[in-house]
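I opened this notebook to follow burial, core packing and aromatic contacts through one chain. The entries below keep the order in which I looked things up.

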Amino acid sequence: MDSGVIVVTNPTVNVRLTSTISSFEVQRRFNRGISIAELKGKLEMVVGATASCMDLELFSVADKFLQKMDDNEALLGSYPVDDDCRIHVIDRSGGQMGEFTDVSKVEKFELADDAYEKRTDTARSFMKKHRVGQYNEEETAKKKAELAALEEEQKAAAEAIAVGSRCKVQVTGQPTKLGTVMYVGTTDFKPGIFVGVKYDEPLGKHNGTVEGKKYFECENKYGGFVKPLNVTVGDFPEEDYGLDEM
């Protein structure tokens with residue numbers, strides 16, 4: 001009885017692919033029975049280089065260089081290729097890394113605004129025809145009037161808020177906060193009138209300084225800015241949290 005050992009080799013191999021023209025690594029499975037020339041043909045669609053300009057190098061699973069794959073007639077299986085080995089493609093045509101992925105190098109079509117305005121097949125033309133968004137004069141005028149009215153309400157509310165007053169702050173989606181009014185007026189970080197509040201608890205965002213400008217002073221995370229309509233001034237004493245109790 002023959003007690004010899006029979007070695008069965010998987011007819012396919014799963015390899016990692018890299019190239020000189022891409023920073024990406026991909027995995028592909030190939031038949032060990034194809035020639036190196038056939039392998040290069042399949043690699044054209046993967047790495048973007050032409051087969052005639054390819055040099056192939058074989059690396060181990062641990063990325064150690066093994067040898068060049070420079071015999072186009074040899075079979076892939078004749079090289080020591082195992083699953084998860086790496087085949088590195090060198091493009092001799094002069095292709096550069098990122099050449100096919102850097103869209104900043106792609107020549108772009110540009111159209112002057114006056115020429116774009118005359119066209120009838122554009123998004124702007126469609127919006128004008130159907131009076132959508134900013135091209136709906138009635139809706140735009142209505143929104144402007146609503147914003148102006150709201151700003152007047154904010155100004156009126158701000159006039160009734162004095163620095164040093166105790167207050168309650170209610171903003172949709174946030175817990176009710178108690179604090180002291182520290183600032184009322186305009187700011188550099190946003191248009192409109194704001195109320196600066198020092199909260200009783202660390203529920204704020206800053207210490208009264210925003211984008212390098214100091215509007216008031218308080219401990220970090222105790223300060224916040226809100227619109228006047230979110231502030232109610234009144235007798236809101238600071239809560240005793242029992243920190244001094246034994």
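I began by fixing the term: a residue is buried when its relative accessible area is under 20%. The model I am reading is a predicted one. His206 has 11% relative accessibility and therefore counts as buried, although its place is in the loop between strand 8 (193-199) and strand 9 (209-210). Leaving out residues up to four places away in sequence, I listed what His206 touches and found, among others, Phe216, Cys218, Tyr222 and Phe225.

I then turned to the cores. The largest nonpolar core has 22 residues, of which Leu39, Leu56, Met69, Leu76 and Ile87 touch the most other members. Helix 1 (36-47) is among the elements that give two or more residues to this core, and the largest share, 4 residues, comes from helix 1. Apart from it I noted another core of 9 residues, including Cys167 and Val195.

Next came the rings, with 8 aromatic pairs in the structure. Phe59 and Phe65 have ring centres 5.5 Å apart and planes at 70 degrees, so I entered the pair as edge-to-face; Phe59 is buried at 12%, whereas Phe65 is partly exposed at 41%. The charged end of Arg86 sits over the ring of Phe59, 4.2 Å from its centre.

Phe189 and Tyr215 are also edge-to-face, at 5.9 Å centre to centre and 90 degrees between the planes. Both lie in loops, and the pair ties together parts that are 26 residues apart in sequence. I closed with the aromatic cluster that includes Phe189, Phe194 and Tyr215, where Lys227 lies over the face of Phe194 at 4.2 Å from the ring centre.

Methods:
Residues numbered from 1 in each chain as written. Predicted model: local features only at pLDDT ≥ 70, side-chain atom pairs only at ≥ 80, totals over all residues. Heavy atoms only, no water. Buried < 20%, exposed > 50% of the residue type's maximum accessible area, 1.4 Å probe, protein only. Contact = heavy atoms within 4.5 Å. Core = buried A, V, L, I, M, F, W, Y, C linked by side-chain atoms within 4.5 Å. Phe/Tyr/Trp six-rings, centres within 6.5 Å; stacked < 30°, edge-to-face > 60°. Lys NZ or Arg CZ within 6 Å of the ring centre and 35° of its normal.
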